[in-house]
Amino acid sequence: MPKEKEDFSESIIAYLRNIASSVGVIGAASYIAGYLISNFYIGKFGGSAFNLVQSRYFATGGLFLILTSLSLIGPVVTFAIIDRTEKREKRGEAIKNIILVFLGFLLSAITIWYAGNILTSVNSASNFVLNVQTRRTGVWLGLLVTSIALLTPILLYFIAKWVIQKLMSKKTQILPAWLSLVFGSLAIFLFIISLWLFSEFVYPYIPPAFGGNAPTNVQIILSDYLSTTESLPIQHTEGISETVTLIDQTPTSILIQMPGTGKVIEIPYSEVKGIIR
């Protein structure tokens, strides 16, 4: 009996270790993805997210991983099922595969459609620069191109695998070592491309509450120093700025875009008393 309890305890400990390691890997992937997405987005305005300690990176990266996983699960599972049943060559198998592919992509399309509707309906009363329909369409198209970028190496891998298995002897099921290496490298490259696509076509249309960074029209309450600075390019009245576009906000600074000129200004957070949204 003690031995059984000891084995049970060891199995529980091993299970908890596996969960902890999985959570750690997912957390690290979320953080890295969020950091890259934020830098890609801010970079086009001439800024950069040098502050490595920001919890929003987890939210942004987690959003990316969740949306892309939900969008790809249908096609990926479909390809896996077809690959497993490819050995059985029966009449009607091609029709069955076509139906499976259709259902897989249909599930992906439904996921993208619901994601666009849900993510843009939050904080609808906020003073976003773009209206709800424009942001919703942007999320739809953005998730579509991002999913295509991530799905491309997976699809090419299965196609190459099927072709090679057809050309090789049926008795030989071992695939060339270079196949996984080539498509693994392609997957890493397209993963980075998908992060850039997400930063360009999805991230700017989702509210910050969901890990996005949709620009909003705000007024800045300037510090006494900035209020008395004559060369300040921001028009203000009694320390309250004109309406500007808030592009990004970090613990150390804010990035705003001036109306009319389109110039981008970065203001240290120490010089900001408040933000009127």
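1. Let's start with the β5–β6 pairing. Strand β5 (residues 253–257) runs antiparallel to strand β6 (residues 264–268), and five bridges join them. Strands here are DSSP E runs of at least two residues, helices are H or I runs of at least four, and both are numbered from the N terminus; two strands count as paired if DSSP finds at least two bridges between them. Serine 253 has proline 268 in β6 as its bridge partner. The two strands make a hairpin with six residues in between, and glycine 260 in that turn has a positive phi of about 85°.

2. Before going on, the ground rules. This is a predicted model, so keep the filters in mind: local features need pLDDT of at least 70, side-chain atom pairs count only at pLDDT 80 or more, and totals for chains, interfaces and linings use all residues. Residues are numbered from 1 along each chain as its sequence is written, and side-chain values use heavy atoms, with hydrogens and water left out.

3. On its other pairing, β5 meets strand β4 (residues 244–249), again antiparallel, through four bridges. Leucine 246 stands opposite isoleucine 256 in β5, and a hairpin of three residues connects β4 to β5. Is β5 mostly covered or exposed? Mostly covered: four of its five residues are buried. For the cut-offs, buried is under 20% relative accessible area, exposed is over 50%, and partly exposed is in between (1.4 Å probe, protein chains only).

4. Stepping back to the whole chain: there are six helices and seven strands, in the order α-α-α-α-α-β-α-β-β-β-β-β-β. Of the 277 residues, 37% count as buried. Taking contacts (heavy atoms within 4.5 Å) between residues at least 6 apart in sequence, 62% join residues at least 24 apart.

5. The largest nonpolar core has 27 residues, and Phe64, Leu67, Leu143, Phe198 and Ile206 touch the most other members. Helices α1 (2–43), α2 (56–84), α3 (93–121), α4 (132–167) and α5 (177–201) each put in at least two residues. A core here is a set of buried Ala, Val, Leu, Ile, Met, Phe, Trp, Tyr and Cys residues joined through side-chain atoms within 4.5 Å. Apart from it lies another core of 14 residues, including Ile220, Leu226, Ile265 and Ile267. As for phenylalanine 198, its contacts are Ile37, Leu63, Phe64, Leu67, Leu143, Thr146, Tyr203 and Pro204, leaving out residues up to four places away in sequence.

6. How many salt bridges are there? The count is three, taking a side-chain nitrogen of Lys or Arg within 4 Å of a carboxyl oxygen of Asp or Glu. One of them joins lysine 44 and glutamate 200 at 3.8 Å, N to O. Lysine 44 is in the loop between α1 and α2 and glutamate 200 is in α5, so this pair ties together parts that are 156 residues apart in sequence. Lysine 44 is partly exposed at 44% relative accessible area, while glutamate 200 is buried at 18%.

7. Aspartate 248 and arginine 56 form another salt bridge, with their closest N and O atoms 2.8 Å apart. Because aspartate 248 lies in β4 and arginine 56 in α2, the pair ties together parts 192 residues apart in sequence. Both aspartate 248 and arginine 56 are buried. By contrast, lysine 273 and aspartate 224 are both exposed; their salt bridge is 3.0 Å, N to O. Lysine 273 is in strand β7 (residues 272–276) and aspartate 224 in helix α6 (residues 224–227), 49 residues apart.

8. Have a look at α2 as well. It has 29 residues and spans 40 Å from first C-alpha to last, close to the 42 Å expected at 1.5 Å a residue (expected span is 1.5 Å times one less than the number of residues). Where is its kink? At isoleucine 73, shortly before proline 75, with a bend of about 40°, taken as the angle between axes fitted to the seven residues ending there and the seven starting there.

9. Last, two single residues. Threonine 216 is in strand β1 (residues 216–222) and is buried at 11% relative accessibility. Its contacts beyond four places in sequence are Asn127, Phe128, Val129, Val244, Thr245, Leu246 and Arg277. Isoleucine 192, in α5, is partly exposed at 42%; its C-alpha lies 8.6 Å from that of leucine 36, with 156 residues separating the two in sequence.
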